[in-house]
Amino acid sequence: MSFMMLVYLILKKPFKKTVNLLQLITYEVIILVVNVLVLIMAIWDKQGIENTEMRENFGYVIILGNVVFMLAAIGFLIAKFVLGVKMAYKITKRNKVKGRKIWL
């Protein structure tokens, strides 16, 4: 499912703002990696394959994926805030209104 979503996002680019598109692509890539690793481990369980070292490595990657997911959310929040402030500054400068009157 994540793979199909990535293909759709890359080909169709359904968002007007690039930051929103990058955010969703980043999340989908992280989710895809985690899901593939979990699928591989589930297949190993079903087949009775004991590969402890690889399972530990997969576990670390899954944990890292969760951490990166959360940090990416913070990063994109900051990026959107900075872009919003920048846009508000441009609007204020363009309309040449001083103070808070632009927001009223």
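**Aromatic pairs.** I searched the whole of this predicted model for aromatic pairs, and the search returned three. I took up the pair of Y27 and F76, keeping in mind that a pair of aromatic rings is described by the distance of the centres and the angle of the planes. For Y27 and F76 the centres lie 6.2 Å apart and the planes make an angle of 80 degrees, and I entered the pair as edge-to-face because an angle over 60 degrees counts as such.

I then looked up where the two residues sit in the chain, and found Y27 in helix 2 and F76 in helix 3 (residues 52-95), so that the pair links distant parts of the chain, 49 residues apart. Are Y27 and F76 buried or exposed? I noted both Y27 and F76 as buried. I also checked for a wider grouping, and Y27 and F76 belong with F69 to one aromatic cluster.

**Helix 1.** Turning to helix 1, which covers residues 2-12, I listed S2, L6 and L9 as buried. Viewed down the axis of helix 1, the buried residues fall within an arc of 65 degrees, and therefore they line one face of the helix. I set beside this the general point that an α-helix has 3.6 residues a turn, so residues three or four places apart point the same way.

What do the buried residues of helix 1 pack against? I found their packing partner to be helix 2 (18-47), the helix that also holds Y27. On the face of helix 1 turned away from the buried side I recorded F3, M4, L11 and K12 as exposed. Last, I looked at what follows helix 1, and it is K13, with a positive phi near 45 degrees.

Technical notes: Residues are numbered from 1 along each chain as its sequence is written. This is a predicted model: local features need pLDDT of at least 70, side-chain atom pairs count only at pLDDT 80 or more; totals for chains, interfaces and linings use all residues. Side-chain values use heavy atoms; hydrogens and water are left out. Buried means under 20% relative accessible area, exposed over 50%, partly exposed in between (1.4 Å probe, protein chains only). Helices (H or I, at least four residues) and strands (E, at least two) are DSSP runs, numbered from the N terminus. The arc is that of the directions from the helix axis to the C-beta atoms. Contact means heavy atoms within 4.5 Å. Rings of Phe, Tyr and Trp (its six-membered ring) pair if their centres lie within 6.5 Å; planes under 30 degrees apart count as stacked, over 60 as edge-to-face and the rest as tilted.
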